[in-house]
Amino acid sequence: MQSTRPRLDLSATIPGTMMDVPLTIRWIFEHNQRSHASREVVSREDDGSIFRYTYADFGARVARLANALVELGIRPGDRVASFGWNTHRHLELYYAVPMIGAVLHTTNIRLFPEQVCWVFEHAGDKAIFVDASLVPAVARALAIRPASSRQFVVMGTSQVELPGALDYEELLAAQPAEFDWPDLDERSGAILCYTSATTGDPKGVVFTHRSTVLHALAAGMADGLGVTQGDVVMPVVPMFHVNAWGVPFLIPMVGANLVLPGAKLDPSSLIELIEREGVTISLGVPTVWLAVRDELERRDLRFRTLKRLVIGGSAVPPSLFDDLEKRGVRTMHAWGMTEMSPIGTASLLTAQLAGAPWEVQRAALLKQGRFTPLVAWKILDDNGVPVPRDGKTAGALWVRGPAVTRSYFRVDEALPVFNDGYFMTGDVCTIDEFGYLQLVDRTKDLVKSGGEWISSVDLENTIMGHPAVREAAVIGVAHPKWVERPIAVVALREGQSVDEPSLQAWIGERVVKWQIPDRVVFVDAIPRTGVGKFLKRELRDRYKDLLDAAK
Ligand code: ADP
């Protein structure tokens, strides 16, 4: 099944097989309209107020938007950019744009102005839909390079000036609430998403209709995100990056209520929204939940309805997992990447571990999890030999599947990361006998000390277990004797203190001696990428000479 050899097409030899119906986003949309019309979408507006409507209302507005897009001259294959927070309008774009055959380019709003220009141009966007609150960010980009040939549309309640831009609500109001959807090939592009440039230039990944439907089905299974119609789901993970982990398709498909937090992502606003709307499942990167955890502890709160947090994007610190457990919230650790649509694994207990002691279960749940059914994988050592399933031996992870990309948008040269029908993730992992994947590190983040590799993720998790530490990023810094040595960049919890030697001594009680960071540098905040990951490239640059004088 996983072969890359030419396929045998026997479809004509046995008549009377199944209908050949393309898997397009329209399936999700029309099922949502037929079966879940009365369930709700709740969305936070820029002014903090709450907007709410049913999926039936959503459907009517998607049709109006589709009519408006056609009137704006958008044709099949064109790219249309969004530049917005998680809102109902963004959701409407997620459906209307691909369902008319165009491609929605979900622009990362946290890119620098130069990068915004670069992605608009690289994508060849014909129209750009901008949240009113983000018009200044777009204006900064346009000041660098004006984009006269593009149509701008401003979304939202506040009045802002963007010369020549149209108003989203006026556009929709002028259109009928029905649309004659075209029949599309399931392999047509639907969504274009750029990786956030933690590694070099942003690279564009085009999700197809087919990959989007299959990803929603696979990621949503009971042993995946396990969302049901009765759930109320709040994605904090942005719709402008990695497809918000597929949630904009999965949730309307199963008919759960969808809660979109808009621009208000501070812990108090998130807690308030979770409580007010009775959110049962929320999703986001660890940074978001570290801040929420601190706020819960400060106010000694427990959630009324929240039962599960899906956390991924970077590794879940065990201390965060434990603190959330204490407050009755189960963490589901998930791993994936833009190139995989993005979900690859989710961490749930297998039957074999159901009766195991809590420490064993906890260790499994802290791993990145088990693969979803549509991801084939191999983990290879330096000689290209598969590593044993011992949970210890690490190797490079390669993946293959119908929701894994086979190339990057507008990159023509053959890249070594695509080989033999597989994609190299750039992650170094172990796999255990129960099929739990554990990410040791990103290849480029491993610290090479003497002949040994040190996992920055492991060390970070250890350091974040110290009660005074809020966050820790570990990087390798050039060392005259050992090639590289780890240093830790640490931000402390509010009102807490610890000094460098005592923190090093505390770490020394938990890791082997040669893994203790040579230096601990205290900072107010660790620099982050646009999607909340540690910006290690900047840290490496900032501290590159720190160990120069070391012997
Ligand atoms: P980028 O960070 O380059 O923008 P992605 O957002 O697609 O791109 O990130 C994918 C990468 O994030 C993975 O290859 C992996 O290194 C890291 N990652 C994702 N989830 C996890 C996780 N649960 N634990 C550790 N690392 C993770």
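The paragraphs below walk through a predicted model, from its domains to its cavities, its cysteines and a few individual residues.

The protein is divided into domain 1, which covers residues 19-207, domain 2, which covers 266-440, and domain 3, which covers 446-550. Between domain 2 and domain 3 the C-alpha centres lie 22 Å apart, and the contact between these two domains involves 17 residues of domain 2 and 13 residues of domain 3.

Inside the structure there are 5 cavities of 30 Å³ or more. The largest cavity has a volume of about 80 Å³, and its lining is made up of L214, H215, A218, A219, M340, I343, T372, L374, V375, A403 and V404. Helix α7, which spans residues 209-220, gives the most to this lining, contributing 4 residues. By character, the lining of the largest cavity consists of 9 nonpolar residues and 2 polar ones, with no charged residue.

The second largest cavity has a volume of about 60 Å³, and the residues that line it are H105, T106, T107, N108, L111, V119, C193, Y194, T195, S196, P202 and F240. Two strands, β4 (103-106) and β8 (189-194), are the elements that give two or more residues to the lining of this second largest cavity. Here the lining divides into 6 nonpolar and 6 polar residues, and again there is no charged residue.

One of the residues lining the second largest cavity, C193, also appears when the cysteines are considered. A disulfide is a covalent bond between the sulfur atoms of two cysteines. In this model the count comes to 0 disulfides. For C117 the reason is one of distance, because the closest cysteine sulfur, in C193, is 19 Å away from the sulfur of C117, which is too far for a bond, whereas a pair has to lie within 2.5 Å to be counted. C117 itself is buried, with 5% relative accessibility, and C429 is buried as well, with a relative accessible area of 0%.

The stretch around strands β14 and β15 brings together several further details. The loop between β14 and β15 holds S341, and P342 lies in the loop between these two strands too. The peptide bond that leads from S341 to P342 is cis, with omega near 10°. S341 also has a phi near 80°, a positive value in a residue other than glycine, and S341 is counted as buried because its relative accessible area is 4%, which falls under the 20% limit for that class.

Strand β15, residues 343-346, contains G344, which is buried at 0% relative accessibility. Apart from its neighbours within four places in sequence, G344 is in contact with W335, G336, R370, F371, T372 and V375; of these contacts, T372 and V375 are also named in the lining of the largest cavity. By contrast with these contacts, D458 is 114 residues from G344 along the chain, and the C-alpha atoms of the two are separated by 21 Å.

Ahead of strand β14, the loop between α11 (318-326) and β14 (330-336) holds G328. This glycine is partly exposed, with a relative accessible area of 43%, because that class takes in values between 20% and 50%. When neighbours within four places in sequence are left aside, G328 is in contact with R302, L306 and K307. For K307, the separation from G328 is 21 residues in sequence, while their C-alpha atoms are 7.1 Å apart in space.

The last two residues to be visited are I507 and V483, which belong to a helix and a strand respectively. I507 is found in helix α14, residues 500-508, and is buried, with a relative accessible area of 0%. Not counting residues up to four places away in sequence, I507 touches L459, I463 and P517. L265 stands 242 residues away from I507 in sequence, and the C-alpha atoms of I507 and L265 are 32 Å apart in space. V483, in turn, has its place in strand β25, residues 483-492, and has a phi near 70°, which is a positive value in a residue other than glycine. V483 counts as exposed because its relative accessibility is 54%, over the 50% that this class requires.

Definitions and conventions: Residues are numbered from 1 along each chain as its sequence is written. This is a predicted model: local features need pLDDT of at least 70, side-chain atom pairs count only at pLDDT 80 or more; totals for chains, interfaces and linings use all residues. Side-chain values use heavy atoms; hydrogens and water are left out. Buried means under 20% relative accessible area, exposed over 50%, partly exposed in between (1.4 Å probe, protein chains only). On a 1 Å grid over the protein atoms alone, a cavity is a set of points where a 1.4 Å probe fits but cannot get out, and a pocket is an open set with protein on both sides within 12 Å along at least five of seven lines; lining residues have an atom within 4 Å of a point. Grid points are joined across faces, edges and corners, and a volume is the space filled by probe spheres set on the points. Ala, Val, Leu, Ile, Met, Phe, Trp, Tyr, Cys and Pro count as nonpolar, Asp, Glu, Lys and Arg as charged, and the others, Gly among them, as polar. Domain bounds come from an automatic or database domain assignment. Contact means heavy atoms within 4.5 Å.
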